[in-house]
Each structure stands twice: as structure tokens, then as C-alpha cells.
Amino acid sequence: MPSDLSPHLLGQGPLWPIEIVRGRNDRVWDAAGRMFYDFYGGHAVALTGHAHPHIRKAIGREMRKLIFYSTSTRLEVRERAAAALAARLPSRLGQVFFSNSGAEANDNALKIALKVTGRGRLIAFRGSFHGRTALTLSVTDDARLNAPFARFAPQVDWLPFAGDAGWDRVDFRESAAVILEPIQSMGGVHVAPDAWLGELIQRAHAAGCLVIFDEIQTGLGRTGTWFCAGAPGLAPDLVTMAKGLASGIPVAATAVTPEIASALDPHDLGSTFGGGPVAMAALLATFEVLERENCLSAVRQLSQKLVTAINRLPGCTALGRGFLLGIRSPRPGRWLCDELFARGFLVGPSRDPAVVRLLPPLTLRSRSVDCFIDALEDILGDPG
Ligand SMILES: Cc1ncc(COP(=O)(O)O)c(C=O)c1O
């Protein structure tokens, strides 16, 4: 355990008492040579697993050509990456702006909405997490994180997530945008029903309020489809992505409709590192891996197997969709994380103390799922 963590490092301590030194697909090894099945994916980033040969090759090839040049020049690989992303997004979200982190993608989305509508209020949901920049913290429902900055925040109105209406509490006509995660992850893996999402979008659009889907966790195939946006009735105006978009090389993106794109000026958005060549090559290679290896259909199948096994355990409920899953058990989540860790499985907590989160690579192997189910049954009781 790195109890001798450098005094020069600022920030939170590690989640697990190990030092990870290498990884291969859905497994990682610590400095003592111990192997762990990675059902956490480094905060949902290891979309194609760890050190996938195709990703390594694509990054290496690009690095030998050009490590970096900014958006002050045209780059062929950037244009191909934008086209590849647009091809998987709903057709009306065909223009993307590249940045470097989820918070930045959301910050840009909120900034765009404030500018395009000329309105000053925002609508957000209880249980949300959208990032740690000043603007994204203001729509994140976590007083521990945002209370010190409350005086800088724009006006935000809060609604219960996927709850019984409460629509009258907010005035969509005054609001620039409503921002939400189609499945709240950090908040405890809450799925918004499509009918509720559809009604929200209808109400917002009828009042000229833009809808931002934060798909930083739900996007890119994690739920078994490329995005939650694009399902019948679900046509948000902006979608944000990050996490595993380039398999661990930092890339984020904000996608917008043509109407929004045409209302923006060239100086509205900018980023030194956004859209760099190595990151763009990694993004293209990520889509190639996910498609060649049929990952989306594997996610749907293996997720079903996990859900069935979890629901069979006494007092347990599976939450979520695809590979964004939660386990609600009668035991404290932190205890379950520790028990799984002791058996060689990495999983994550959530803000709900009874819910443990699984965010494994989309390349997760069937035999790793079997080992995980055996461990869960061992810990939480024989399903009978
Ligand atoms: C739904 C969601 N939005 C935004 C963010 C912020 O992303 P980042 O940490 O890359 O800034 C996260 C990070 O966990 C997230 O899960």
C-alpha cells in the first residue's frame, strides 16, 4: 500500500491500498504481482480494456508522425475522428467540439446554451454529477464540492431526478438549459425512464430551453447502444462525452445541432490540447476495437448475465443498464467493495452508501464475469 504517498501530491488518497503497475484487457497487476479483475475501469475510462494492442499501435504510429499540433492547423486525423464520432451520434448532433475532460465538455455545453438562448438560469437534478469546474459544480448536487463556490454560481433550479413531475417548480421559459445524466452513476445508478426523459425534453423544447445529455458515462456503448440520445423521443440539443472516448488518452467532446452550431462564433470555443493528433488516433482506434470485437452486443449479453446473478442473491437488486451497473445489497457498499477487493476484484462505491458500481471495460471477458459472479455468491450468500 502506498502509505508513503508523495507529500507533493495534492488531492484525495487512493481508493484501494495497492499500486497498479500494468494492465491487460480486463485485468491489472499491482507492484507485488497480484492480479485484479478490473470491474471499475479506472473511473469508467478503460473502455477497450488496458493496453489493447490495436490502441497501442495506433498511438505509436501517430506519435512517430506528429505528437502534437493545435487547432491552428487542419489535421486529417482530427477530421476523420470528428466524422467517426458524428457517424455514431444521432444524425442531428453532427458537429463536435473536442476538449480534454468531462467537466470541460459540460462547461462548454452550458456556456453554449447560455450564449445561444441569452437566458441566465439553468435546471439540474438532485443526485447529479457533472464535473468540478466552477460552472459544472453549480449543476452538481453535492454540497461538499460546491458549497464553497455557491456565491459564484449562476441561478440553478433543482428537480427530483426521474421523480414524480415537480415540473411546476421550474420555469423552462427562463432557463437556458436543463442538464442531466440519462443514468445517474455517481448518484447511485438511477436510470431515467425513456417516457420521463421524453416528457422533460418536450416541456423544455416547448419553452425554448435547450436539453443537454451528459453522456460522459452512458455514451460510447457502455449501456449496450452508442448513446441514450437518439432513442425514440430522445432528441437532446447537446450531448457531452469523455471517459473512454480515446481509451485513456484524455479526449472529451461536445456535440451540437446545426441550429446551435450556426449561432456560435469561431472565438466562442477553444482549447490548446483539444483535438490533438495522438488523441484523435486513439479515438479512431477505440471505435475500431469496439466494432471489430462486437463489444456492444457482448455488453448486452454479459450485462444480462450479471443482472440475473445479482438479482438472485438474497436482498440484492441490480441497478442500471449494460456495463453501468449498481449492486444494491443489504450490506454497506464500502464493505462489499472491500470484500470484493480481498478476492481480487476492483469495483467502485457511489454516493448511495448501499450501492456499489461496476464500470468494467466493454471488452470484459465472459470468464471474468463468471469469476465475479462466483465471488459475489461467496460473499453475499448462496442463491439457492
Ligand atoms: C456523468 C459525469 N459527468 C462529468 C464528469 C466529469 O468528468 P471529468 O472528471 O473528466 O472532468 C464525470 C466524471 O466522473 C461524470 O461521471
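This is a short tour of a predicted model, with a hairpin, a ligand site and a sheet as its stops.

**Stop 1: the hairpin.** Select residues 20-24, strand β1, and residues 27-30, strand β2. The two strands run antiparallel and are joined by four bridges. Now pick Gly23; its bridge partner in β2 is Val28. Two residues lie between the strands of this hairpin. Click on Asn25 and check its backbone: phi is positive there, near 50°.

**Stop 2: the ligand.** Center on the ligand and show its surroundings. The shell holds 15 residues. Label the closest ones: Ser101, Gly102, Ala103, Gly131 and Ile216. Next, color helix α4, residues 102-117. This helix gives the largest share of the shell, three residues. What is the make-up of the shell by class? Eight residues are polar, five are nonpolar and two are charged.

**Stop 3: the sheet.** Move to the open sheet of four strands, ordered β13-β14-β17-β16. Its pairing is antiparallel. Start at the edges: β13 (317-321) and β16 (348-349) each pair on one side only. Then add strand β17, residues 355-358, which pairs with β16 over two bridges in the antiparallel sense. Zoom in on Gly348; opposite it in β17 stands Arg357.

**Stop 4: the helices on the sheet.** Select helix α10, residues 295-312, which packs on the sheet and touches β13 and β14 (324-328). The direction of α10 makes about 155° with that of β13. Finish with helix α11, residues 333-342. Helix α11 also packs on the sheet, touching β14, β16 and β17. Its direction makes about 45° with that of β17.

Notes:
Residues numbered from 1 in each chain as written. Predicted model: local features only at pLDDT ≥ 70, side-chain atom pairs only at ≥ 80, totals over all residues. Pairing = 2+ DSSP bridges. Near = placed C-beta within 6 Å. Nonpolar A, V, L, I, M, F, W, Y, C, P; charged D, E, K, R; others polar. Contact = placed C-beta atoms within 7 Å. Axes fitted to C-alpha atoms, helices over the stretch in contact; angles between N-to-C directions.
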